[in-house]
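Reader: Could you walk me through this fold, from the overall layout down to single residues?

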Amino acid sequence: METPEKPERSDAEFQQSLDARQREVNNALNTGNPGRALSAALQDPPLGCKNQQIRAVVNVLTSVKDADMQKNIDALSPTDLDTLMKYIYRGLEDGENSTSLLKWHEAVTKKGGLGCIVRALAERKAL
């Protein structure tokens, strides 16, 4: 089942949305709630965004302690797991924090299965 496409947004609109989300994410991280930060970071991903600088939301992943990773992954829906996998691949593309992102990749694959990888890679619009 294909999801309906959202209307294209300008980079300025993406940036405004990401700025608001980043404030929410930072607030959750500062109050010691990485699960809420992860959930907020995965909402309304900037698919099809043309500006490289506003695509990545990988900082949340690298902020979560390894011991809390599985607990946060277990709280995610299958759709959120697919979105998280897209962010993981986007972060790996940049080449930074690869060790942390590969740990996330393993944990998400364990929960979401190989289909999660396939859906993330097959999505027409990338992060």
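What follows is a set of questions and answers about this predicted model.

Reader: Good to start broadly. Which pattern does the protein follow along the sequence?

Author: Happy to begin there. The protein has six helices and zero strands. Read from start to end, the pattern is therefore made of helices, as DSSP runs define them, and it is written α-α-α-α-α-α.

Reader: What share of the contacts with a separation of 6 or more comes from residues 24 or more positions apart?

Author: One pair can serve as an illustration: Asn59 and Gln22 are 37 residues apart in sequence, with their C-alpha atoms 9.9 Å apart in space. For the contacts in the protein with a separation of 6 or more, residues 24 or more positions apart account for 71%.

Reader: And what part of the exposed surface do carbon and sulfur atoms supply?

Author: Let's take the inside first: of the 127 residues, 37% count as buried. The protein exposes about 7,400 Å², and the part of this area supplied by carbon and sulfur atoms is 51%.

Reader: Now the interior, please. Which element gives the largest share of the largest nonpolar core?

Author: In soluble globular proteins, nonpolar side chains tend to be buried together. Here the largest nonpolar core holds 26 residues, and Leu38, Leu84, Ile88, Trp104 and Val108 touch the most other members. Two or more residues come from each of α1 (11-30), α2, α3 (59-63), α4 (66-74), α5 and α6. The largest share, seven residues, comes from α6.

Reader: How are the axes of α2 and α5 oriented to each other?

Author: Two packed helices are described by the angle between their axes and the distance between the axes. For α2 (residues 34-42) and α5 (residues 78-94), the axes come within 10 Å and cross at roughly 80°. Angles of 65 to 115 degrees count as roughly perpendicular. The two helices are therefore roughly perpendicular.

Reader: How many residues of that contact are nonpolar?

Author: From α2 the contact takes Leu38, Ala41 and Leu42, and from α5 it takes Asp80, Thr83, Leu84 and Tyr87. Sorted by kind, one of these residues is charged, one is polar, and the nonpolar ones number five.

Reader: Which residues does Leu38 contact, leaving aside its neighbours within four places in sequence?

Author: Leu38 is a good one to pick, as it is among the core residues that touch the most other members. With those sequence neighbours left aside, the contacts of Leu38 are Val60, Leu61, Asn72, Leu76, Leu84 and Trp104.

Reader: Leu61 is in that list. Is Leu61 buried or exposed?

Author: Leu61 sits in helix α3. Beyond its neighbours within four places in sequence, Leu61 is in contact with Leu38, Leu84, Ile88, Ser100, Leu101 and Trp104. Buried means under 20% relative accessible area. With a relative accessibility of 2%, Leu61 counts as buried.

Reader: Which residues does Ser100 contact, again without its neighbours within four places in sequence?

Author: Ser100 belongs to helix α6 (residues 98-122). Its relative accessible area is 18%, so Ser100 is buried. Outside those sequence neighbours, Ser100 is in contact with Leu61 and Thr62.

Reader: Moving to α5, what is the relative accessible area of Leu81?

Author: Leu81 is found in helix α5, and its C-alpha atom lies 8.9 Å from that of Leu42, 39 residues away in sequence. Without neighbours within four places in sequence, Leu81 is in contact with Ile73, Leu76, Val108, Lys111, Gly112 and Cys116. Leu81 is buried, and its relative accessible area is 4%.

Reader: Is Val118 buried or exposed?

Author: Val118 lies in helix α6. The C-alpha atoms of Val118 and Met85, 33 residues apart along the chain, are separated by 9.7 Å. Val118 has a relative accessible area of 53%, so Val118 is exposed.

Reader: Last one: how does Asn59 count by its relative accessibility?

Author: Asn59 is part of helix α3. Buried means under 20% and exposed over 50%, with partly exposed in between. At 33% relative accessibility, Asn59 therefore counts as partly exposed.

Notes: Residues are numbered from 1 along each chain as its sequence is written. This is a predicted model: local features need pLDDT of at least 70, side-chain atom pairs count only at pLDDT 80 or more; totals for chains, interfaces and linings use all residues. Side-chain values use heavy atoms; hydrogens and water are left out. Axes are lines fitted to C-alpha atoms, for helices over the stretch in contact, and angles run from 0 to 180 degrees between N-to-C directions. Helices (H or I, at least four residues) and strands (E, at least two) are DSSP runs, numbered from the N terminus. Angles under 35 degrees count as roughly parallel, over 145 as roughly antiparallel, 65 to 115 as roughly perpendicular and the rest as oblique. Contact means heavy atoms within 4.5 Å. Ala, Val, Leu, Ile, Met, Phe, Trp, Tyr, Cys and Pro count as nonpolar, Asp, Glu, Lys and Arg as charged, and the others, Gly among them, as polar. Buried means under 20% relative accessible area, exposed over 50%, partly exposed in between (1.4 Å probe, protein chains only). Accessible areas come from the Shrake-Rupley method with a 1.4 Å probe; for residues, only the protein chains shown count as cover. A nonpolar core is a set of buried Ala, Val, Leu, Ile, Met, Phe, Trp, Tyr and Cys residues joined through side-chain atoms within 4.5 Å.
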